[in-house]
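Please open the model in a viewer and keep the selection tool at hand. The stops below proceed from confidence to the interface, then through each chain in turn.

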Amino acid sequence: MTGKREPSGKADFILVVIVLSLLLFGFAMLFSASSPGAAEGGIFRTLIRQGAILLMGSAVMVFAATNDYHMYLSLQKLMLGVTALVMFIVPVVGFASHGATRQISLGFISFQPSEFAKIVLVLFYAARFSDKRTHNLTTDKKNIITSFGVMGLFCFFCIMQSHMSAAIMLALISILMMLVAGFSLKWTIFGGLGLGAAGSFFVFTEEYRYNRILALFNPFKYKQGIGWQIVQSLYAVGSGGLFGLGLGQSRQKYKYLPEAQNDYIYAVICEELGFIGGVLVILLFVLFVWRGISIALNARDKFGMYTAFGITAIVGLQMLINIGVVLSVLPSTGMQLPLFSSGGSSMLATMWGIGILINISKSSKIKKI
Amino acid sequence: MPTRAIKKRMKLITLFFLVGVLVLLVRLAWIQFVRGEEYSQMAAEQQTRDSVISAKRGSIYDRNLKILAQSASAERVTLNPQEIAKSKNEEEVVSTLVKILGVDEQNLRKQISRTNRQSVVVAKQVEKSVADQIRSEKLSGVYFEEDSKRYYPYGSLAAQVIGFTGSDNQGLEGLENVLDEQLRGVDGRIVAAKDVANNEMPFKYENYIEPQDGKGVVLTIDETIQRYTEKHLQQAYEENLLGNGGAAIVMDPNTGEVLAMAVVPTYDLNSPRVITDQLLLEQLDALELEGEAYTEAYNKAVWKMWRNKAVVDSYEPGSTFKTIVASAALEEGVATPQDVFSCSGVRQVANRSIHCWQHAGHGEETFAQGLMNSCNPFVMELASRMGATTFQKYYKAFGLTEKTGFTIPGESAGTFHQKLGVVDLATSSFGQTFTITPLQLISAVSAVVNGGNLMKPRIIKAYTDAEGNVIETFDPELVRSVISKETSVLMRGMMERVVAEGTGKGGYVAGFRIGGKTGTSEKLPRGSGEYIASFVGVAPADNPQLVCLLLLDEPHAGATGGGAIAAPAVGRIFEDVLPYLGYAPQPTEENKDKISVTVPNINGLTVQEALVKLDNMGLKINPKGNGEKITNQIPAAGTKLHKGGVVIAYTQKEETQGTAIVPEVIGMNYKNAKATIENAGLGMELDAANSGTIPDDYIAVSQSPKAKSEVAAGTKIYVKFVKREEN
């Protein structure tokens with residue numbers, strides 16, 4: 001550790017612009033995608049709800065961006081413990097939603113601890129791997145076992161909640177963190193294989209997961225059943241063409257696409273704004289990743305570097321998986337598109353992470369404009 | 001691990017990320033550009049609902065634009081099995097629909113169980129009021145669609161001509177079938193954007209095709225003439241216990257327009273699959289079948305009663321055909337009206353002896369008498385004089401070798417000799433060994449009497465638009481001139497004599513000049529004892545406006561001769577139709593008492609007023625009582641009474657309560673019995689055993705109350721008539 005020093009530099013303006021673009025774009029598309037359902041609940045309810053989430057998110061982001069990220073060095077263990085505890089009790093006190101218990105109600109807002117667990121895990125690994133007392137990461141068996149142990153524990157909690165996508169996400173983030181920290185490829189591949197075996201065990205023991213894979217390869221055969229959302233997503237994207245049907249003109253969002261405002265919002269974007277819109281979204285995320293990685297590479301210390309990398313990886317990976325599902329490259333999971341999909345927990349957690357990234361950028365030696 | 005190595009791994013992972021992005025971009029382009037067309041088309045298919053806007057089926061009118069068939073809007077009840085499964089109201093839906101629609105419960109449950117579908121049809125052509133009943137139950141998952149239902153205001157009128165439609169309003173029988181394309185119109189379409197739950201999406205599709213309503217069809221049929229024709233055909237059918245039904249056609253010989261076309265047994269177009277005809281039901285019961293065998297026989301009978309016998313079934317015309325042979329002979333000049341023929345009762349043709357129907361022979365007879373007598377050797381002589389070639393020339397010229405082109409499905413052309421030997425020529429001359437349809441015969445006979453022109457028989461007078469405005473009319477079509485006007489005039493005169501003095505006497509109608517020709521043909525195989533009795537009548541004989549052919553297939557009540565059973569029926573049709581067409585009966589010295597008139601309503605009139613009214617019509621009045629106004633009359637208004645008949649007018653109710661002595665009528669014929677009873681201030685009713693018109697050769701055998709009993713004035717006396725026993 002290099003001691004606590006106030007970061008002196010300015011926040012990365014490019015990153016802020018990219019994030020604001022994503023947020024605005026996301027808000028507009030969410031508004032469009034949820035307009036058919038809004039007919040029942042009132043269009044303003046959607047606006048107010050998402051506006052409130054954005055407001056809260058912004059507050060969290062500004063707080064994180066203006067408070068030195070080093071405070072997490074001392075907080076991370078406490079946060080890890082609390083998150084683990086909450087995730088453990090979610091199946092007990094949480095309420096069922098979409099057939100799986102993965103949320104916890106705080107009265108006014110339901111909240112999904114696994115979303116925050118991603119950031120907390122990143123902070124945990126970043127703190128651990130940047131600790132100078134840990135001399136040789138690759139040979140310290142205790143370190144290896146602890147790293148994999150924490151990962152396994154969180155994945156186990158997610159699986160207990162039948163939340164495969166979160167488990168996969170947490171595992172991938174953990175492995176990426178370990179990989180950059182210098183864990184041997186052999187170990188990581190070993191861990192990956194174990195994970196894959198466990199994964200396939202869960203896939204083949206749960207019929208619906210197996211069916212999702214089956215549907216991926218021949219969606220039209222199962223159009224009326226398990227292939228439904230894949231087919232509907234392909235219809236939406238395919239209908240877009242180069243320029244799309246125009247903002248607000250998606251037909252597929254009229255309940256053909258399940259969760260048009262959530263997991264399949266990217267399909268609505270492609271239908272309404274075409275290839276141009278679809279590429280624009282991907283491009284914004286690529287820019288984000290470029291900025292995030294640059295901040296990491298130029299971070300003032302290893303903790304900042306690991307943290308910046310982890311947060312960037314969370315956003316980038318989720319984007320890859322979500323869009324991969326929409327374009328039926330991957331089997332369907334419950335992965336959301338960061339900053340686009342509706343859902344408070346994902347938005348708050350992501351904005352918290354981005355706030356931390358902005359804070360890191362202040363002391364990062366990247367070129368700023 | 002050195003920071004440099006960490007950075008290297010970060011860059012490597014970023015590279016993997018970029019590869020992933022590249023995969024996504026390629027995939028995105030593939031979906032949108034390579035498969036885009038296909039996917040967007042499939043998407044459009046699921047997002048749009050093609051709703052059909054049904055064209056309104058055209059109405060069918062009689063020649064005076066009375067509506068014979070029309071469509072009214074109805075509804076179609078459908079279910080959404082998915083929704084019913086979701087809202088778990090199957091029991092409620094089933095009990096309600098079974099109760100209100102009377103649908104089969106098992107079948108309904110089967111339909112509800114088809115949860116892979118979003119819409120199944122439960123009932124079509126449901127009337128609005130019934131649909132409203134279901135609607136008021138507010139069942140989720142039950143929907144209504146627009147439909148229409150065909151109504152036939154006159155029920156069974158011209159059933160086999162008009163035909164009917166099926167559950168999808170497609171024409172199944174008769175003109176409904178053959179004119180389906182014109183009546184149906186062209187359905188319109190509207191393409192609407194619908195979401196998963198079938199609710200409209202706020203997108204406009206320009207695809208709207210307006211429906212073109214079907215044309216209306218105006219028939220040449222006259223509802224009134226049709227009704228009269230059916231009434232008398234039905235009476236003949238019941239009286240003669242026809243085993244194979246009957247048919248009658250009334251045609252305007254000058255235009256070929258069919259004014260009436262009736263077939264018995266008949267059915268109600270509003271429920272075409274139900275047999276209501278008593279005789280037919282009795283015949284079915286007599287088969288003593290049960291279960292499926294009965295159903296099969298029932299269905300066969302249903303199909304048979306749908307057949308338009310007048311057009312579809314060909315038969316041996318028998319002696320009615322002699323009019324054709326006679327006109328050909330006169331036209332060819334092989335015989336003149338002055339020629340005298342001789343009939344010994346048999347004629348030798350080649351090596352065969354062919355008998356006259358009257359085995360004793362007719363002796364010496366003129367041309368007209370030969371026809372009057374319906375003499376077989378007479379027509380054989382005519383045929384042999386003209387020879388086979390000429391015979392066949394006329395046979396063909398009268399249109400007997402080809403279909404008439406009439407607008408009825410399944411018209412037949414009959415069978416005829418390609419080569420005619422002498423024996424065939426001889427038998428053909430009196431209407432045997434070949435078959436034609438009734439429509440062919442009436443068309444040919446029309447040509448015989450209308451001045452010699454074979455007109456194409458027609459049933460369609462005009463087409464109208466959906467509002468009933470005539471948009472296309474059809475003019476009479478001359479097929480060809482067959483005989484000269486002179487020959488035609490000669491034939492009219494001779495056919496009139498057939499009715500006045502010959503075998504066709506039964507067709508006589510007092511006050512009118514009626515011509516005609518009888519026909520009785522034994523059905524094949526010969527010796528079966530089954531006959532077709534027919535009569536073709538012409539009225540008025542001096543200026544033919546109506547030709548009526550009536551045939552009775554397999555009479556089973558004793559008489560089988562066309563003159564005995566078919567001619568009177570045609571006479572009764574003429575008796576009703578001629579006054580309707582404005583022909584007043586012309587009284588002559590001999591027939592003035594036989595001309596019948598319709599008794600007017602004189603209730604409420606004073607005796608003096610009634611006297612004037614009745615006198616104008618040639619009726620007498622017999623006032624009873626001493627009141628001011630007439631309160632009751634016998635016979636009732638609307639009944640037929642011969643000229644000079646008496647109408648009893650009661651001027652006070654109390655008076656009618658007076659008593660009268662019942663007269664003795666046993667042994668009297670119908671007319672005398674009726675007159676005697678009515679003169680006594682009583683009314684005559686037929687016994688339950690009798691129905692319709694009682695022929696003159698029937699006599700009263702019992703009466704109730706008995707003669708000489710004292711009863712209240714106006715009491716009905718029930719009299720039973722049976723055919724006089726001939727010794």
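pLDDT is the predictor's confidence in each residue, on a scale from 0 to 100. The model is predicted, and colouring by this score is a suitable opening view.

**Stop 1: confidence**

Select chain A, where the average pLDDT is 83 and 85% of the residues score at least 70. Chain B averages 87, with 96% of its residues scoring at least 70. For the model, ipTM is 0.91 and pTM is 0.61.

Next, select residues 1–7 of chain A, over which pLDDT stays under 50. In the model this stretch has seven contacts beyond four places in sequence. Where pLDDT is low, the predicted coordinates should not be read in detail.

**Stop 2: the side of chain B that touches chain A**

Display both chains and select the residues in contact between them: 35 of chain B meet 39 of chain A. On the chain B side, the elements that contribute two or more residues are helix H1 (3–34) and helix H2 (36–47). Which of the elements gives the largest share of this side? H1(B) does, with 19 residues. Coloured by class, the side of chain B that touches chain A shows 21 nonpolar, nine polar and five charged residues.

**Stop 3: a helix pair across the two chains**

Two packed helices are described by the angle between their axes and the distance between the axes. Select helix H10 of chain A (residues 228–240) together with H2(B); they pack at about 120°, and their axes are 7 Å apart. This angle makes H10(A) oblique to H2(B). The crossing of H10(A) past H2(B) is left-handed.

Show the side chains at this contact. H10(A) supplies A:Leu234, A:Tyr235, A:Gly238 and A:Ser239, while H2(B) supplies B:Gly36, B:Tyr39, B:Ser40, B:Met42 and B:Ala43. By class, five of the residues in the contact of H10(A) with H2(B) are nonpolar and four are polar, with no charged residues.

**Stop 4: a helix pair within chain A**

Hide chain B and select helix H5 (residues 113–130) and helix H13 (residues 344–363) of chain A. Their axes lie 8 Å apart at an angle of about 15°. Angles under 35 degrees count as roughly parallel, and H5(A) and H13(A) are therefore roughly parallel to each other. H5(A) passes H13(A) in a crossing that is right-handed.

From H5(A), the residues to display are A:Glu115, A:Phe116, A:Lys118 and A:Ile119; they meet A:Ser345, A:Ser346, A:Ala349, A:Trp352 and A:Gly353 of H13(A). The contact of H5(A) with H13(A) comprises four nonpolar, three polar and two charged residues.

Before leaving chain A, select A:Ser328 in the loop between helix H12 (302–326) and H13. A:Ser328 is a residue other than glycine with a positive phi, near 50°. Most residues other than glycine have a negative phi, and most peptide bonds are trans.

**Stop 5: the three-stranded sheet of chain B**

Return to chain B and select E1, E6 and E7. They form an open sheet in the order E1-E6-E7, with antiparallel pairing. Which strands stand at the edges? Strand E1 (48–53) and strand E7 (208–209) of chain B do, each pairing on one side only. E1(B) and strand E6 (residues 188–193) of chain B run antiparallel and are joined by six bridges. Within this pair, B:Val52 stands opposite B:Arg189 of E6(B).

**Stop 6: the five-stranded sheet of chain B**

Now select the open sheet of chain B with the order E10-E9-E21-E20-E19, also with antiparallel pairing. E10 and E19 of chain B are at the edges with a single partner strand each, so one side of each is left without a neighbour in the sheet. From one strand to the next, the twist averages 10°.

Eight bridges connect the antiparallel strands E19(B) and E20(B), and B:Thr520 stands opposite B:Ala533 in E20(B). Add helix H10 of chain B (residues 223–239), which packs on the sheet and touches strand E9 (246–252), E10 and strand E21 (546–553); its direction makes about 30° with that of E10(B). Helix H19 of chain B (residues 485–500) lies across E19 and E20, running at about 65° to E19(B).

**Stop 7: two cis peptide bonds**

Select B:Val264 and B:Pro265, which a cis peptide bond joins with omega at about -5°. B:Pro265 is in the loop between strand E10 (257–264) and helix H11 (278–286) of chain B. Finally, select B:Leu524 and B:Pro525, joined by a cis peptide bond with omega at about -5°. B:Pro525 is in the loop between strand E19 (515–522) and strand E20 (531–539) of chain B.

Notes. Residues numbered from 1 in each chain as written. Chains lettered and ligands numbered in written order. Predicted model: local features only at pLDDT ≥ 70, side-chain atom pairs only at ≥ 80, totals over all residues. Contact = placed C-beta atoms within 7 Å. Helix = DSSP H or I, 4+ residues; strand = E, 2+ residues; numbered from the N terminus. Nonpolar A, V, L, I, M, F, W, Y, C, P; charged D, E, K, R; others polar. Axes fitted to C-alpha atoms, helices over the stretch in contact; angles between N-to-C directions. Parallel < 35°, antiparallel > 145°, perpendicular 65-115°, else oblique. Left-handed = near helix turned anticlockwise from the far one by under 90°. Pairing = 2+ DSSP bridges.
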